[in-house]
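Open the model in your viewer and colour the chain by secondary structure. The stops below say what to select and what is found there.

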Amino acid sequence: MAPETETATARCATHGLVQATRQIPAMGFPFVVYAARRYLARRRPFRCPTCGAAIDRSSTPTRPAL
Ligand SMILES: [Zn+2]
């Protein structure tokens, strides 16, 4: 199974607002191993797609209304 990619609009220090991404491992067997991997992956920061810098979403402005 391919890993899932989560995306979020976040601010890179170099590139400004970008669609930051992070990979979450797909679920599989044994369940408990993947659950732990997914939990750890969700604790990692999103990364800028251009430079790969970790992005702290706490510094991200609220999403503008569309
Ligand atoms: Zn960047």
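Strands here are DSSP runs of E at least two residues long, and they are numbered from the N terminus. By that count, Gln23 lies in strand 2. Keep in mind throughout that this is a predicted model.

**Whole chain.** Begin with everything shown. The protein chain has one helix and four strands, and from the N terminus on the order is β-β-α-β-β. Of its 66 residues, 11% count as buried. Among contacts with a separation of 6 or more, 48% are between residues 24 or more positions apart.

**Strands 1 and 2.** Select residues 4-12 and 16-24, which are strand 1 and strand 2. The two pair in the antiparallel sense over nine bridges. They form a hairpin, with three residues between them. To see one facing pair, pick Arg11, which stands opposite Leu17 in strand 2.

**Gln23.** Now return to Gln23 and show what surrounds this residue. Which residues does Gln23 touch, not counting those up to four places away in sequence? They are Pro3, Thr5 and Ala41. Draw a C-alpha to C-alpha distance from Gln23 to Thr5: the two are 4.5 Å apart in space, though 18 residues apart in sequence. Gln23 counts as partly exposed because it has 13 C-beta neighbours inside 10 Å, whereas 20 or more would be needed for a residue to be buried.

**The loop and Pro30.** Move along to the loop between strand 2 and helix 1, where Pro30 is placed. Look at the peptide bond from Phe29 to Pro30: this bond is cis, with omega near -5 degrees.

**Helix 1.** Select residues 31-43. At 1.5 Å a residue, the 13 residues of helix 1 should span 18 Å, and the end C-alpha atoms are 19 Å apart, which agrees. Is helix 1 largely buried or in the open? Zero of its 13 residues are buried, so helix 1 lies largely in the open.

**The nonpolar core.** Last, select Ala10, Cys12, Val18, Ala20, Phe46, Cys48 and Ile55, the seven residues of the largest nonpolar core. Strand 1 and strand 2 each supply at least two residues of this core. In soluble globular proteins, nonpolar side chains tend to be buried together. Finish by centring on Ile55. Leaving aside its neighbours within four places in sequence, Ile55 is in contact with Ala10, Arg11, Cys12, Ala20, Pro45, Phe46, Arg47 and Cys48.

Key
Residues numbered from 1 in each chain as written. Predicted model: local features only at pLDDT ≥ 70, side-chain atom pairs only at ≥ 80, totals over all residues. Core = buried A, V, L, I, M, F, W, Y, C linked by C-beta atoms within 7 Å. Buried ≥ 20, exposed ≤ 12 C-beta atoms within 10 Å, placed from the backbone. Contact = placed C-beta atoms within 7 Å. Expected span 1.5 Å × (residues − 1). Pairing = 2+ DSSP bridges.
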